[in-house]
Amino acid sequence: MNQNLGGNDARHNDDSTLTDFLASLIDYTPTIPDELVEHYLGKSGFQCPDVRLIRLEAIATQKFVAEVAGDALQRTK
């Protein structure tokens, strides 16, 4: 029974961390503009008025592009 209490604390801590991260996305200006991300998400059928999710997708896309570019650079060396 004590293990469940510890699990709840860890879950609450994870939820708090996620909430803080999502709140920080409001002030973040991603490299990929929100309008561009919204355009391509809209073409795929995804409509979301929450700018935090749009920016989260922009960050994920930016990371993907950076990894592909880094891999290509390493491949050419």
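Salt bridges first: I count one where a side-chain nitrogen of Lys or Arg sits within 4 Å of a carboxyl oxygen of Asp or Glu.

**Ground rules**

I am working on a predicted model, where local features need pLDDT of at least 70, side-chain atom pairs count only at pLDDT 80 or more, and totals for chains, interfaces and linings use all residues. Residues are numbered from 1 along each chain as its sequence is written, and side-chain values use heavy atoms, with hydrogens and water left out.

**Confidence**

I looked up pLDDT, the predictor's confidence in each residue, from 0 to 100. The chain averages 86, and 91% of its residues reach 70 or more. Where is confidence lowest in the chain? Helix α1 (residues 2–24) has that place with a mean of 73, while helix α3 (residues 51–76) is highest at 95.

**Fold and dimensions**

I took the secondary structure from DSSP runs, numbered from the N terminus: helices are H or I of at least four residues, strands are E of at least two. That gives 3 helices and 0 strands, in the order α-α-α along the sequence.

Next I checked the radius of gyration, taken over C-alpha atoms, against the globule rule of 2.2 Å times the number of residues to the power 0.38. The chain has 18 Å, whereas a compact globule of 77 residues would be near 11 Å. Along the principal axes, the C-alpha atoms fill a box of roughly 55 × 40 × 25 Å.

**Surface and charge**

For burial I use relative accessible area: buried is under 20%, exposed is over 50%, and partly exposed is in between (1.4 Å probe, protein chains only). Of the 77 residues, 13% count as buried. The accessible surface, from the Shrake-Rupley method with a 1.4 Å probe, is about 6400 Å², and carbon and sulfur atoms own 57% of that.

For charges, I count Lys and Arg as positive and Asp and Glu as negative, leaving out His and the chain ends. I place each charge at NZ of Lys, CZ of Arg, CG of Asp or CD of Glu. The 7 positive and 12 negative charges have mean positions 10 Å apart.

**Salt bridges, one by one**

The rule at the top of this entry yields 3 salt bridges.

I started with Asp 34 and Arg 55, whose closest N and O atoms are 3.1 Å apart. This pair links distant parts of the chain, since Asp 34 is in helix α2 (residues 34–43) and Arg 55 is in helix α3, 21 residues apart. Are the two partners buried or exposed? Both Asp 34 and Arg 55 are buried.

Then I went to Asp 50 and Arg 52, with 2.8 Å between the closest N and O atoms. Asp 50 is partly exposed because its relative accessible area is 24%. Arg 52 is also partly exposed, at 30%.

Last came Lys 63 and Glu 67, with the closest N and O atoms 2.1 Å apart. How many residues separate Lys 63 and Glu 67 in helix α3? They are 4 residues apart, so about one helical turn lies between them. Glu 67 is partly exposed, with a relative accessible area of 40%.

**Long-range distances**

I finished with some C-alpha separations.

- Lys 77 is in the segment after α3, and it counts as exposed because its relative accessible area is 71%. From Lys 77 to Cys 48 I noted 41 Å between C-alpha atoms, for 29 residues along the chain.
- Leu 18 belongs to helix α1 and is partly exposed at 47% relative accessibility. Its C-alpha is 33 Å from that of Gln 74, with the two positions 56 residues apart in sequence numbering.
- Thr 61 lies in helix α3 and is partly exposed, at 29%. Thr 61 and Ser 44 are 17 residues apart along the chain, with their C-alpha atoms separated by 15 Å.
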